[in-house]
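Subject: Structure handover

Hello,

Here is the structure I said I would pass on. My notes on it follow below the display.

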Amino acid sequence: MVILWIGIRIGILIAIILIVKSIKTSSHDVLGVNIYCKKCGFKTNGLKCPRCEKKSQSFGV
């Protein structure tokens with residue numbers, strides 16, 4: 001019975017946290033994906049930046 005009460009309290013706490021987070025986020029912020037690279041500003045649509053990542057992978061040679 002005690003485990004049930006602990007589970008209910010944890011569930012209510014998680015629900016309150018999610019409600020607060022949904023209230024604080026803007027309605028236009030769907031996924032929070034960065035469209036532009038933070039370093040160079042190139043449009044990446046959430047993928048790795050081709051300009052900033054290393055061109056060759058030489059295994060440390």
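Cys 37 counts as buried, because its relative accessibility is 15%. The model is a predicted one, and what follows is computed from it.

The closest cysteine sulfur to that of Cys 37 belongs to Cys 52. The two sulfur atoms are 3.7 Å apart, which is too far for a bond, since a disulfide needs a pair of cysteine sulfur atoms within 2.5 Å. Cys 49 is in no disulfide either: the nearest cysteine sulfur is that of Cys 40, 3.6 Å away. By this rule, the disulfide count comes to zero.

Cys 49 is worth a few more words. Its relative accessible area is 9%, so Cys 49 is buried too. Cys 49 sits in the segment that follows helix α1. Apart from neighbours within four places in sequence, Cys 49 is in contact with Cys 37, Cys 40, Phe 42 and Thr 44. From Cys 49 to Tyr 36 the distance is 8.6 Å between C-alpha atoms, with the pair 13 residues apart in sequence.

For the chain as a whole, 5% of the 61 residues count as buried. The accessible area of the protein chain is about 6,200 Å², and 66% of that is supplied by carbon and sulfur atoms. The secondary structure consists of one helix and zero strands.

That helix, α1, covers residues 2-24 and includes Ile 8. Ile 8 has a relative accessibility of 38% and therefore counts as partly exposed; the limits for that class are 20% and 50%. Ile 8 also belongs to a nonpolar patch on the surface. The other members of the patch are Met 1, Leu 4, Trp 5, Ile 12, Ile 16 and Val 20. Together, the residues of this patch have about 720 Å² of accessible area.

Regards

Notes
Residues are numbered from 1 along each chain as its sequence is written. This is a predicted model: local features need pLDDT of at least 70, side-chain atom pairs count only at pLDDT 80 or more; totals for chains, interfaces and linings use all residues. Side-chain values use heavy atoms; hydrogens and water are left out. Patches are made of residues with over 30% relative accessible area and no salt bridge: like charges are joined within 9 Å, nonpolar side chains (Val, Leu, Ile, Met, Phe, Trp, Tyr) within 5 Å. Accessible areas come from the Shrake-Rupley method with a 1.4 Å probe; for residues, only the protein chains shown count as cover. A salt bridge is a side-chain nitrogen of Lys or Arg within 4 Å of a carboxyl oxygen of Asp or Glu. Helices (H or I, at least four residues) and strands (E, at least two) are DSSP runs, numbered from the N terminus. Buried means under 20% relative accessible area, exposed over 50%, partly exposed in between (1.4 Å probe, protein chains only). Contact means heavy atoms within 4.5 Å.
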